[in-house]
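Here is a short set of exercises to work through with the model open beside you. Try each task before reading its solution.

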Amino acid sequence: DSDSDSDNDGDSDSDARGRTNRCRPCTQRAALDEQFVNLDGKVFPLEQFSASHILARACYSNKTKTSGLQSLVWSFPCGLPFLVTTLFAAKLSEKQQVQLHSSWLRAIPREVAILQDRGFRWLQRYYPNRNRPMIPAACHWQSRFFQLDEDEFTCSAVQARNRWPAEAIFARVTDCPALQGTIPIHFLNYVEVSYTVAYLNLLCCDFNVEPEGWAEYLKQLKASFAAAEVCAVPASPRG
């Protein structure tokens, strides 16, 4: 029953700006050169079960201290998700969800790191390729992380800033009206469909951060479509 995810995993670096501004620019550039994917989780609030104590316990989230449905998303730095779990009763912790989907994680190449918060620490054993975790230090906790040197503060701040596309994914998913606010119990039969449609809508959105080479690829793709349309136009009859 000890599956708490209730760590305050803040990635904010607002209190460390004065310190990181003195750091060397080369360190910031080096941190951005990492190959990584983002991992983040979301608890969707759910109306509490009053008729069943078992269901009420199964849906209780130690992360938000409320009843909810939880999912995980692995995404590219541009904000495009490539692995999305289904919705689980929130009593199943984020760490247990990673373990449950271990076979999926073979898709992540060995040289790619996992940029994640402290709630996902100690999970490298569930990645078949033993992907290296990157966990930004919470730079605003200076009293607890006073041992971090100047370079470590800079690196952690840059890593934290690169996590925002993962957070933006859930902001777009919750644009779906069915997932806004607290989900009523009578809607449980339809919430999974709404969740799927929300991610399909997300795939049709513009990138939060445009991938390198995307503009050139899009130009070539449009040229290919234009050439295909020309070939598909029937020739006018002679005469």
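**Exercise 1. Get an overview of the chain.**

Task: Find the accessible surface of the protein chain and the share of that surface that belongs to carbon and sulfur atoms.

Solution: The accessible surface of the protein chain comes to about 13900 Å². Carbon and sulfur atoms account for 54% of that surface. Keep in mind as you go that this is a predicted model. Next, take stock of the secondary structure: the chain has eight helices and seven strands. Then turn to burial, where 40% of the 239 residues count as buried. Finally, look at contacts between residues at least 6 apart in sequence: 65% of them join residues at least 24 apart.

**Exercise 2. Describe how two helices pack.**

Task: Work out how helix H6 and helix H7 are oriented to each other, and which residues make their contact.

Solution: Two packed helices are described by the angle between their axes and the distance between the axes. Start by locating the pair: H6 covers residues 164-173 and H7 covers residues 188-203. Their axes are 9 Å apart, at an angle of about 120°. An angle from 65 to 115 degrees would count as roughly perpendicular, and one over 145 as roughly antiparallel. H6 and H7 are therefore oblique to each other. The crossing of H6 past H7 is right-handed.

Now list the residues. H6 brings Ile169, Phe170, Arg172 and Val173 to the contact, while H7 brings Ala198, Tyr199 and Leu202. Sorted by type, the contact residues are six nonpolar, no polar and one charged.

**Exercise 3. Follow the buried side of H6.**

Task: Name the buried residues of H6 and the elements they pack against.

Solution: The buried residues of H6 are Pro165, Ala166, Ala168, Ile169, Phe170 and Val173. Their packing partners are strand S1 (36-45), S3, S4 and H7. For the spacing, recall that an α-helix has 3.6 residues a turn, so residues three or four places apart point the same way.

**Exercise 4. Place Leu83 in its surroundings.**

Task: Is Leu83 buried or exposed, and which residues does Leu83 touch?

Solution: First find Leu83 in strand S4, residues 81-84. Its relative accessibility is 12%, so Leu83 counts as buried. Leaving out residues up to four places away in sequence, Leu83 touches Leu72, Val73, Trp74, Trp104 and Leu105. Look at one of these partners, Val73: it is 10 residues from Leu83 along the chain, yet their C-alpha atoms are separated by 5.8 Å.

**Exercise 5. Look into three loops.**

Task: Where do His101, Lys65 and Trp122 lie, and which of these residues count as buried, partly exposed or exposed?

Solution: Begin with His101, in the loop between helix H4 (94-100) and strand S6 (113-115). With 7% relative accessibility, His101 counts as buried. Beyond neighbours within four places in sequence, His101 is in contact with Thr85 and Phe88.

Lys65 belongs to the loop between strand S2 (60-61) and strand S3 (66-75). Its relative accessibility of 47% makes Lys65 partly exposed. Trp122 sits in the loop between S6 and strand S7 (133-134). At a relative accessible area of 64%, Trp122 is exposed.

As a last step, check the backbone. Most residues other than glycine have a negative phi. Lys65, which is not a glycine, has a positive phi of about 60°. Trp122, not a glycine either, has a positive phi of about 65°.

Note on methods
Residues are numbered from 1 along each chain as its sequence is written. This is a predicted model: local features need pLDDT of at least 70, side-chain atom pairs count only at pLDDT 80 or more; totals for chains, interfaces and linings use all residues. Side-chain values use heavy atoms; hydrogens and water are left out. Axes are lines fitted to C-alpha atoms, for helices over the stretch in contact, and angles run from 0 to 180 degrees between N-to-C directions. Helices (H or I, at least four residues) and strands (E, at least two) are DSSP runs, numbered from the N terminus. Angles under 35 degrees count as roughly parallel, over 145 as roughly antiparallel, 65 to 115 as roughly perpendicular and the rest as oblique. A crossing is left-handed if the near helix is turned anticlockwise from the far one by less than a right angle, and right-handed if clockwise. Contact means heavy atoms within 4.5 Å. Ala, Val, Leu, Ile, Met, Phe, Trp, Tyr, Cys and Pro count as nonpolar, Asp, Glu, Lys and Arg as charged, and the others, Gly among them, as polar. Buried means under 20% relative accessible area, exposed over 50%, partly exposed in between (1.4 Å probe, protein chains only). Accessible areas come from the Shrake-Rupley method with a 1.4 Å probe; for residues, only the protein chains shown count as cover.
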